[in-house]
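Please open the model in your viewer and keep the selection tool at hand. The stops below go from a sheet and its helices to some charged pairs, and end inside a helix.

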Amino acid sequence: MKRYILSLDQGTTSCRAILFDKQGKTIATGQKEFAQHFPQPGWVEHDAEEIFQTQLECIHDCLKSAGATGADVACLGISNQRETTVVWNRKTGKPVHKAIVWQCRRTQDLANELRSESDEFREKTGLVPDAYFSGPKITWILDNVPGAREAADRGELAFGTIDTWLIWKLTGGKSHVTEASNASRTMLFNLHTMAWDESLMARLRVPPSLMPSILPSDSVFGHTSAEVVGFECPISGVLGDQQAALFGQACLQAGMAKCTYGTGGFLLVNIGAAPHLVPGLLTTVAWQLKNQKPCYAIEGAIFITGAAILWLGVGLGLLESSDQAEAMASSVKSNEGVYFVPALVGMGSPWWNSDVRGTIVGLTRGTSKAHLVRAALEAMAYQVKDVAVQMHEHGLEMSELRVDGGATRNGLMLQFQSDVLNVPLIRSGQTESTAWGAAAVAAIGAGMLSGPDEVQAVWLRDCQFKPQEDRSRDYAGWRKALKGAFACADA
């Protein structure tokens, strides 16, 4: 009996496969990390073939853990790291270069050249010209891989974000497709026409033949190949990871907001069926379901949140694992004036400054590693506050914030975040909000769920954190630290 939804949650540092029933209950999980490549300072790459092979292993591990087989899988959904860019040969299926990761800053010079055209990009795409997005990454690959531009001009190459790459591989090369939440992260997609924009592609010198077809988020994107995966099932739901979390958190009405704390931090507010712009923030497609108007969101994209804890642990050796962060941070009563601006790859929303670098201020002889860890946790909350302030100044208010992601296991950070924002935080009872969001869309696409109302009906809260302390002085200290980091960048 085909009773389960298989969800692939392809992230920045690991692949996961999670089996759900249609009520959102997690049946089993498979997870594996994959290699990170840093060929130069500020450059970040992944091996796209390794990602796919790792994802396949996760599928088989998940099914084995559940005691299930492919015959039990009704449909498959995909959520993915969004802007990461793969270009491959259509005939051989081999990437022409390693995948350029969303964090990679190698294309900032090109993005800077486009800043004089920011108004056109903002109006059409909802994005600011930045190395973060896929379009400049495509241009870099075509200009720097020998023979790539000529092959692209001959129609021999294909581009995809990770969703498109996985679909291509899972279907045995039969489907070259994406959907709007991922397409809207490329700087090449027009929010108003819901299609690739020819003039923007020409500006970035991206041949139209490179681009995947765009389908609604709950479409059948193809079927898994039995020769590749071991079984056939429809791939019937795809969303970029942050939009998937918004859907999985049942933020289905305008004004509802969620924040995901992972490698980076992403605060999204559902703004309904009409896109509009907020300076310093991004306007993005949240999802587009068949026979419905698109749903849009305003997004604050914070490049480094959980990655700062990882850097303190792996880079500096201050932690053996991220799970130690809460206890260590709790061992001191306050940050004692220590602030960590984790601009390890520049700053995203609402600043969009690629030159600023990480700084730690307020050090004394009494500063311990516990203060540094606490400062890193607090920096997560401060950066989300910066985005919330920008939203408030442009008429977007939050009465509550739904939260998910690995760092939400940290009660100290969540309480501090509630204090800093002065709004309640609600942690979902569904700990796998991103994977469930993709699974829920896939279930809708496959007819297992009738629509978003059923997603709302199964959403459950785990716990709530209410504001307890006035953190205005702490936040003022953060803004001073931030000002110093920017001053160093301008020096």
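**A tour by selection**

Begin with helix H10 (residues 241-248), which in this predicted model lies across E5 and E13 and runs at about 105° to E13. Add helix H6 (residues 162-170), which lies across strand E1 (4-10), strand E5 (73-80) and E13, at about 145° to E5.

Now select the strands themselves: they belong to an open sheet of 5 strands in the order E3-E2-E1-E5-E13, with mixed pairing. At the edges stand E3 and strand E13 (235-240), each with a single partner strand, so one side of each is left without a neighbour in the sheet. Looking from one strand to the next, you should find a twist that averages 15°.

Stay at the E3 edge and select strand E2 (residues 14-20) together with strand E3 (residues 26-33), an antiparallel pair joined by 7 bridges. Ser 14 has Glu 33 in E3 as its bridge partner, while Ala 17 stands opposite Gly 30 in E3. The hairpin of E2 and E3 has 5 residues between the strands, and in this hairpin Gly 24 takes a positive phi near 90°.

Next, turn to the charged side chains, for which the count comes to 29 salt bridges. Select Glu 49 and Lys 169, whose closest N and O atoms are 3.4 Å apart in a salt bridge. This pair links distant parts of the chain, with Glu 49 in helix H1 (residues 48-66) and Lys 169 in helix H6, 120 residues apart; both Glu 49 and Lys 169 are buried.

Move on to Arg 105 and Asp 130, a salt bridge with its closest N and O atoms 3.1 Å apart. Here Arg 105 comes from the loop between strand E7 (99-100) and helix H2 (108-114), and Asp 130 from the loop between helix H3 (118-125) and helix H4 (134-144). Both Arg 105 and Asp 130 are buried.

A further pair to select is Asp 218 with Lys 290, where the closest N and O atoms of the salt bridge are 3.7 Å apart. Are these two residues buried or exposed? Asp 218 counts as buried because its relative accessibility is 5%, whereas Lys 290, at 36%, counts as partly exposed. To see a network, select Arg 82, Glu 83, Arg 185, Asp 241 and Glu 299, which are joined by salt bridges that share partners.

Finish at Asp 386 in helix H13 (residues 369-393), a buried residue with a relative accessible area of 3%. Leaving aside neighbours within four places in sequence, Asp 386 is in contact with Pro 350, Trp 351, Tyr 475, Trp 478, Arg 479 and Leu 482.

Definitions and conventions: Residues numbered from 1 in each chain as written. Predicted model: local features only at pLDDT ≥ 70, side-chain atom pairs only at ≥ 80, totals over all residues. Heavy atoms only, no water. Helix = DSSP H or I, 4+ residues; strand = E, 2+ residues; numbered from the N terminus. Buried < 20%, exposed > 50% of the residue type's maximum accessible area, 1.4 Å probe, protein only. Contact = heavy atoms within 4.5 Å. Pairing = 2+ DSSP bridges. Axes fitted to C-alpha atoms, helices over the stretch in contact; angles between N-to-C directions. Salt bridge = Lys/Arg side-chain N within 4 Å of Asp/Glu carboxyl O.
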